[in-house]
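Here are my notes on this one, as promised. Have the chain open while you read, and go point by point.

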Amino acid sequence: MLGAILCFWATATFAQSTYLTISGTVVNQKNEEPIPYASIAITGRSIGTTSNTQGNFVFKVPSAYLQDSLRVSCVGFQSFTQAIATLPKQAIIIRLQPATLLLEEVQVQAQAKSAIDILKEAIAAIPLNYDTASAQLTAFYREAARFEGQPVSFIESVLSVYKSPHNRPETKDGLKIIKGRKKQFDRSKHRLPEFVNLSNGARSSLFSDIPKYYAEKNSILNEKNFKYYDFRLSRLMEDRLTYVIDIIPKKNKPKAYASGKLYIDAQTLAFTQAEFQATQAGLDLDNNRNWFLKKLASMIQKMDFELSGYRVVTTYAAYQNKWYMNNVERDIEGIINSRSRNLKNSRWQVSSSFTVTEVGPKNIPPFTEGNISENENSMISLIGDQYDANFWENYNIQQPTAADTIFEKKTPVQTAPKSGSFTPKPSNRINGFTRGDTLRGKLSPLRSSYDVSFYHLNVKVDPAQQFISGSNTIRFRVVAAMQQMQIDLYANMAIHQILYQGQPLAYSREYDAVFIQLPQLLQPGTQQEIEINYSGKPQVPDFSVPMMGGFLWDKDQEGNPWVQVVCQGSGASLWWPNKDHLSDEPDSMRISVTVPSHLTEISNGRLLGKTPLPDHWTRYDWFVSYPINNYNVTLNIGKYAHLRDTYLSSDTITLDYYYMPYQLEKARQVWKGVKPMLACLEKQYGPYPFPRDGFTLMESLYPMEHQSAVSFGKLPTAEMDTLQLMKLVWHEVSHEWWGNNVSCQDLADMWIHEAFATYSEGFYMQSAFGKYGEAGYQASLLSQVSGKEPILGVYDVNHIHYEIGDMYAKACLMLYTFRHVLHNDTLWSAILRGIQQDFRYKTVTTQDIVRYINTKTRTDYSYFFDQYLKHPSIPTLVIHTTETAQSLVVKYKWIADVTNFRMPIRVTKAKNKFDFIHPTTTWQTKTFPRMTADDFEVDEAQFYVKVIED
């Protein structure tokens, strides 16, 4: 580092700026040592900053506050206060007088109180001392990483923070990046891979808000954990009396995860500072809890990472009679070993600062756009390539200890708007649904009166113009007498004519629905056919909106056109006219796609042939001999290379592999895993569902489970992460069973597709990691759960463009939980294979699946699936333990949204030995001989539940 920045007093006119700058250094009056992270603020105002590790600060004061006073404070020192107008107009040195630490036991109201007494009173006072209204904060975040003493990365970011009320810990805080910048240093000198980084460090800093999360399971402030620590009370004389509580882990207490100090204001009983560092037990807990992710990283990056140190200091500042989190300092250390990288016990260190610089308006709603609080990627990746030459502006941010010249100026990249895009529909569960959503999603009489038996889609794709044109012939059986019918095609796509028996039909359009007037009343049981001619520029995807699909128009590495369509969620009618409802699948389908002759086209099913056409065009004809849901119908166009193989199972299945020619070696790494994957999935779910059509796996622009034409996205041009890629391949291929063979009737039940596909990834992890692979994978899903909305969507609206992530991770955790509730893997396997066989080539509902499980298990588990699928919250097991001389008495019950929730769960009935108890929503009591409270555990590794110790 290049030392502290020298800053000067700068008085600006109103025309140029509305603030002035005060700079200086905060030092210890006794020894002239710098005081890091001292608070610099204006008395009675909401703005401030902190000094850096060298004690330096720069504070930008709005002109309106020039008649106020500057206040500098730090725990352990007497505060400094001086009128701003009287401060010298130059860099200043502020010397703080150390406070007196009195070590004797504190006497309160002439009566001795213990540390625990004070601690309990402070916890009880949290609702009085901390805001029970939401507030908008401005904060500054800095993160610096070092490896073997050398800098690796340095980032800074100004953040807007939604701070949820302190009395509602279940309501998550929000984060938005206002601006940010970064510097990444050369990693090649120590061969350190990109993965070694903090996750969202700003988000993690918010979880250091000790008073808000005092009741968390492992919190030192959770009264159930007091038994693991000794508490020692002393007092500190600053501006006013402060209680200091030393927290010391007891010996032989494996759940004593931290040590530290708490500072409590004696007048208000507010927590003013908390200092914690992880014990070896705490480090072991993190290393074990994140075992899977670290093991995954070690296999991918050929290195092992182990957390070896963690320290956090959180301070609070008072404003308008409430205390707010003011600053969070975190220091993290890890040890890296890698034989291939020649690393042995190498130290990786990262320090981060999170400083609240302004308390803004209260009672604000949560962020709905730009919120990164649920994103666990590193701040480096979240900031992206942003650079702002005017980064400092008037934000009060902690000064770096390195010169600002580490940042190189970059020219902002201008991004052109997407071709053919249009504004997506904004409606969602919160805002309600449009009539267009209902027209798409509801099975009205105009749709239920006929059943599609065959489509012939014949389309020409012009990559140069990003334009498609063609026709679709719809063959259908009349179910109820009809003279009008609805088909679907997005409103931006033009219809040229609709033909019935060679004659044009009248039609009208509303939103994306097309209402066709038939020439006479069609009778039930008859076979009919219409042809629709159309053209247009189809919608392009918006990947910022869940499942907002469309056409991807791109080029490969060598400049050749590369085209793909993905339309799950948005629906197939964004690019071809059809009955766009998941309940009606054609029995078979012909797909004819005309493309420029120098390109290859890949669709579903079996390739019937290629037909050269005039002017350098070629038509590819494909035939799908099984039912197929509409969003699975696809086309992929590119300069593809092709390999063919066969897979011997109950049938001989052709395997077709398509890839970019320059990616052959990387593609081979994928192909070699295909046969073992199919063998495993067949063992779990039954025979591959579409043997006549063969199995195609291809490199593509986007991963998608298109029936018998599965794609896994682009192969990387750099070193390939084979493990992550194969996990994705397993997910998409497992959709051949869950989604393509057994399909949901309504998007609201999409969990049937995604939960089981996510569950299938665990089979791959078991094959890759061995015995603990699947269990580790299950544990890794916990951090991916949002818990904001029910897994089940809203029926009859065919709208899925809201937060849908829980149908993957949370629904998969539900499946794992049910498997462990069942406690019979033979039966569980029979259920999965039975669903695939009994609902083969059919569409199903959630009720169908639950009813099937209830029948096969001879037990009504409706309560279980209702809780996990229909409610955002998961079941909570409330535990109350009482130790006696010879045994442990445990009271327990479920808290759930579903009446009479009664899920069995495993607990330790003897030390380290799990067995089932059968809680209900009323209290039950059991006595466990020769056990203590430390011996009692709930099996949260296999059961996705919340546990509260009462």
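1. The salt-bridge count comes to 37, where a salt bridge is a side-chain nitrogen of Lys or Arg within 4 Å of a carboxyl oxygen of Asp or Glu. Keep in mind that this is a predicted model, in which local features need pLDDT of at least 70 and side-chain atom pairs count only at pLDDT 80 or more, while totals for chains, interfaces and linings use all residues. Residues are numbered from 1 along each chain as its sequence is written, and side-chain values use heavy atoms, with hydrogens and water left out.

2. Start with Asp239 and Arg71, whose side chains meet in a salt bridge at 3.0 Å, N to O. Asp239 sits in the loop between strand S14 (229-237) and strand S15 (241-249), and Arg71 is in strand S5 (residues 69-73), so the pair ties together parts that are 168 residues apart in sequence. (Helices, H or I with at least four residues, and strands, E with at least two, are DSSP runs numbered from the N terminus.) Asp239 is partly exposed at 43% relative accessibility, and Arg71 is partly exposed too, at 31%. For the burial words: buried means under 20% relative accessible area, exposed over 50%, and partly exposed in between, with a 1.4 Å probe and protein chains only.

3. Next, the S36/S37 pair. Strand S36 (residues 641-648) and strand S37 (residues 652-659) run antiparallel and are joined by 8 bridges; two strands pair if DSSP finds at least two bridges between them. A hairpin through 3 residues connects S36 to S37. If you want a register check, Tyr647 has Ile653 in S37 as its bridge partner.

4. The same hairpin carries a salt bridge between Asp656 and Arg644, with the closest N and O atoms 2.9 Å apart. Asp656 is in strand S37 and Arg644 in strand S36, so this pair ties together parts 12 residues apart in sequence. Which of the two ends is buried? Asp656 is, with a relative accessible area of 7%, whereas Arg644 is exposed at 54%.

5. Helix H14 (residues 809-822) has 14 residues and reaches 20 Å from first C-alpha to last, close to the 20 Å expected at 1.5 Å a residue; the expected span is 1.5 Å times one less than the number of residues. Why call H14 largely enclosed by the rest of the structure? Because 14 of its 14 residues are buried. His823 follows H14 and has a positive phi, near 55°.

6. H14 also takes part in a salt bridge: the side chains of Glu774 and Arg819 meet at 3.3 Å, N to O. That pair links distant parts of the chain, with Glu774 in helix H13 (residues 773-780) and Arg819 in helix H14, 45 residues apart. Glu774 is buried, with a relative accessible area of 10%, and Arg819 counts as buried at 14%. Elsewhere, salt bridges that share partners join Lys163, Asp173, Asp209 and Lys212 into one network.

7. Helix H15 (residues 825-838) has 14 residues and reaches 19 Å from first C-alpha to last, close to the 20 Å expected. Its buried residues are Trp828, Ile831, Leu832, Gly834, Ile835 and Gln836. The cover over them includes helix H10 (674-685), strand S41 (742-744), helix H12 (751-769), H14 and helix H16 (846-857).

8. Have a look at Glu329 in strand S19 (residues 322-338). Glu329 is buried yet has no salt bridge, and the nearest side chain of opposite charge, Arg311, is 7.6 Å away (Lys and Arg count as positive and Asp and Glu as negative; His and the chain ends are not counted). What does the side chain of Glu329 make a polar contact with? One partner is the side chain of Tyr37, at 3.3 Å, and a polar contact of 2.7 Å joins Glu329 to the side chain of Asn327. A polar contact is a pair of N or O atoms within 3.5 Å; within protein, one must be able to donate a hydrogen and the other to accept it, and residues adjacent in sequence count only if both atoms are side-chain atoms.

Notes:
Contact means heavy atoms within 4.5 Å.
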